[in-house]
Amino acid sequence: MPKSEVPSIVWFRRDLRLDDNPALHAAMETGGPVIPVYIREPQHLNVGPLGAAQRWWLHHSLTALAKSLKSAGSGLTLISGKAEDVLVDLARQTGVRMVFVNRAYERHQVDRGIALELKKRDIAVRAFHGQLLQEPHAIRTGAGRAFRVFTPFWNALQKAGEPREPIGPPLKIPSQDHHHRSERLDSWGLLPKKPDWAAGFPAIWTPGEDGAREKLADFIDRKLQDYKHGRDLPSVQATSLLSPHLTHGEISPARIWHATRGMPKTASENVVHFRRELAWRDFCYSLLIEFPELDEKNWDNTFDTFQWGYDAKEFRAWTKGLTGYPIVDAGMRQLWRYGFMHNRVRMITASFLIKDLMIDWRKGEKWFRDTLVDADPANNAANWQWVAGSGADASPFFRIFNPVLQGEKFDPEGDYVREHVPELGNLDRKYIHKPFDAPKNVLDKAGIELGRAYPRPIVDHGLARDRALAAYRARTNPSGPETL
């Protein structure tokens with residue numbers, strides 16, 4: 001066939017967008033028909049949605065992507081199976097000789113094997129940089145290794161220059177007359193049935209490119225000017241809420257970065273702080289590439305001898321938001337209701353599980369992986385290891401969050417707790433973060449009976465802190481404890 005008639009495949013994965021999609025743009029430049037494909041691969045390959053919450057998101061994101069493709073004169077082919085088998089079979093049916101894809105850094109070894117298999121069948125794979133601010137191999141130490149501390153990484157990323165200019169979406173995508181066999185999205189069973197635990201998700205989430213654009217515009221218009229301060233206050237809602245859109249590739253980090261250009265000088269400090277958060281995501285991926293077992297093994301292997309405990313009742317109480325510590329319970333209930341938790345509260349709840357309950361960070365990482373709509377293969381693991389003290393550039397283990405002090409500092413009026421733990425709604429702000437210290441007459445006035453309407457603390461924080469430090473000292477000698 002003449003070059004202009006040779007079709008090519010665009011393999012969508014965590015890049016469910018038309019805007020600023022380098023693989024799609026390159027396929028369009030061939031001049032031939034483009035076949036957009038999403039492959040549901042076997043779960044054991046650890047690809048696709050990381051958990052149940054992300055399966056809900058994926059269903060709606062693929063629906064939105066298919067609608068966008070249809071508007072551009074194309075369509076989305078859905079197929080289940082091993083990627084190399086699906087791509088070879090589709091290429092055989094259509095005469096495809098080239099597959100375009102954006103790099104998925106969490107699975108680069110798997111993708112390398114797929115590319116080799118396709119090459120044996122004279123099918124070329126062209127991979128593009130579109131999921132991070134910079135290519136990971138471009139931000140390295142002088143010795144060519146991944147940075148292990150964020151600040152030098154951030155400095156190096158800034159020296160590398162601005163991220164590439166984003167590419168606009170195509171208005172028209174050339175397609176084949178032949179309609180390819182596509183599975184029905186409903187047959188994939190991505191949505192919960194009974195009970196519908198995701199019923200609250202649509203209250204704050206609209207999966208897809210349109211939802212991502214709306215979140216970005218809202219953030220820049222209303223939130224960015226106070227981001228550095230407001231992002232730590234869970235009741236203020238000053239964060240961008242872009243993380244699930246980034247995780248599923250519905251918007252590119254380059255698009256977000258460039259959208260923050262041209263802001264007033266008064267916002268410059270907030271812009272820098274926000275961009276550092278985007279860069280932290282790149283940093284976590286550089287760690288994952290260096291250490292592919294980031295979600296399974298301690299980065300710092302001195303933690304391999306740490307003596308973790310496990311109490312099934314305490315773990316269950318943590319997952320349900322019934323620990324007796326209001327700021328922890330508010331976070332865990334927000335997670336269950338919306339598939340999301342405020343970043344500051346993620347650190348508090350993680351610290352509580354690891355250091356108050358002495359439960360292995362990997363159990364918490366798996367729970368978040370299953371329940372977060374923004375669960376990210378690099379960020380989730382790196383952040384859990386950061387709290388545990390076992391990760392790169394980690395908070396030291398002996399930095400133990402006091403859940404009462406953290407609540408009083410970051411939710412001083414108790415608005416966040418009242419929103420997510422309504423049984424404490426009438427409690428005086430003096431005791432909203434420590435109902436267990438409230439006099440009986442105060443509890444009676446608020447209509448609270450501890451142990452019935454709201455649980456008593458499942459552990460004593462002071463005793464739990466001492467226990468955690470003793471376990472830590474058993475494997476090393478810290479410079480000293482720190483209470484925050």
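This briefing walks through a sheet, two buried residues and several charged pairs in the structure above. The model is a predicted one, so please read each point below with that in mind. At its heart for our tour is an open sheet of 5 strands, paired in parallel and ordered 3-2-1-4-5. We then visit Asp 15 and Phe 201, both of them buried, and finish with some of the 35 salt bridges counted in the model.

**The sheet and its helices**

- The 5 strands follow the order 3-2-1-4-5 in an open sheet, with parallel pairing.
- At the edges sit strand 3 (77-80) and strand 5 (124-128), each of which pairs on one side only.
- From one strand to the next, the twist averages 30°.
- Strand 2 (residues 34-40) joins strand 3 through 4 bridges in the parallel sense, and Val 37 stands opposite Thr 77 of strand 3.
- Helix 1 packs on this sheet, where it touches strand 1, strand 2, strand 4 (98-102) and strand 5. The direction of helix 1 makes about 155° with that of strand 4.
- Helix 3 (residues 83-94) lies across strand 1, strand 2 and strand 3, and runs at about 150° to strand 2.

**Asp 15, a buried acid without a salt bridge**

- Look for Asp 15 in the loop that links strand 1 (8-12) to helix 1 (22-29).
- Which side chain of opposite charge is nearest to Asp 15? That is Arg 13, at 5.8 Å, and Asp 15 has no salt bridge although it is buried. The cut-off for a salt bridge is 4 Å between a side-chain nitrogen and a carboxyl oxygen.
- Asp 15 does have a polar contact: its side chain meets that of Asn 102 at 2.8 Å.
- Beyond its sequence neighbours within four places, Asp 15 is in contact with Asn 21, Asn 102, Gln 131, His 248 and Gly 249.

**Phe 201, a buried residue in a loop**

- Phe 201 belongs to the loop between helix 5 (150-159) and helix 6 (209-223).
- Is Phe 201 buried or exposed? It counts as buried because its relative accessibility is 1%, and the limit for buried is under 20%.
- Leaving out residues up to four places away in sequence, Phe 201 touches Ala 53, Trp 56, Trp 336, Arg 337, Tyr 338, Gly 339 and Val 373.

**Charged pairs**

- Side chains of opposite charge can pair when their charged atoms come close.
- Asp 295 and Arg 369 form a salt bridge, with N and O 3.3 Å apart. Asp 295 is in the loop between helix 10 (268-290) and helix 11 (312-320) and Arg 369 is in helix 14 (residues 361-371), so the pair ties together parts 74 residues apart in sequence.
- Both partners are buried: Asp 295 has a relative accessible area of 15%, and Arg 369 has 9%.
- Asp 374 and Arg 346 meet in another salt bridge, at 2.7 Å from N to O. Here the loop between helix 14 and helix 15 (379-388) holds Asp 374 while helix 13 (residues 343-356) holds Arg 346, so parts 28 residues apart in sequence are tied together.
- Asp 374 is buried at 8% relative accessible area, and Arg 346 is buried at 16%.
- Lys 440 and Asp 444 form a salt bridge too, their closest N and O atoms being 2.8 Å apart. About one helical turn separates them, because they are 4 residues apart in helix 18 (residues 440-446).
- Lys 440 is exposed at 62% relative accessibility, while Asp 444 is partly exposed at 45%.
- A network of salt bridges links Arg 13, Glu 41, Arg 107 and Asp 111.

Terms used
Residues are numbered from 1 along each chain as its sequence is written. This is a predicted model: local features need pLDDT of at least 70, side-chain atom pairs count only at pLDDT 80 or more; totals for chains, interfaces and linings use all residues. Side-chain values use heavy atoms; hydrogens and water are left out. Buried means under 20% relative accessible area, exposed over 50%, partly exposed in between (1.4 Å probe, protein chains only). Lys and Arg count as positive and Asp and Glu as negative; His and the chain ends are not counted. A polar contact is a pair of N or O atoms within 3.5 Å; within protein, one must be able to donate a hydrogen and the other to accept it, and residues adjacent in sequence count only if both atoms are side-chain atoms. Contact means heavy atoms within 4.5 Å. Two strands pair if DSSP finds at least two bridges between them. Axes are lines fitted to C-alpha atoms, for helices over the stretch in contact, and angles run from 0 to 180 degrees between N-to-C directions.
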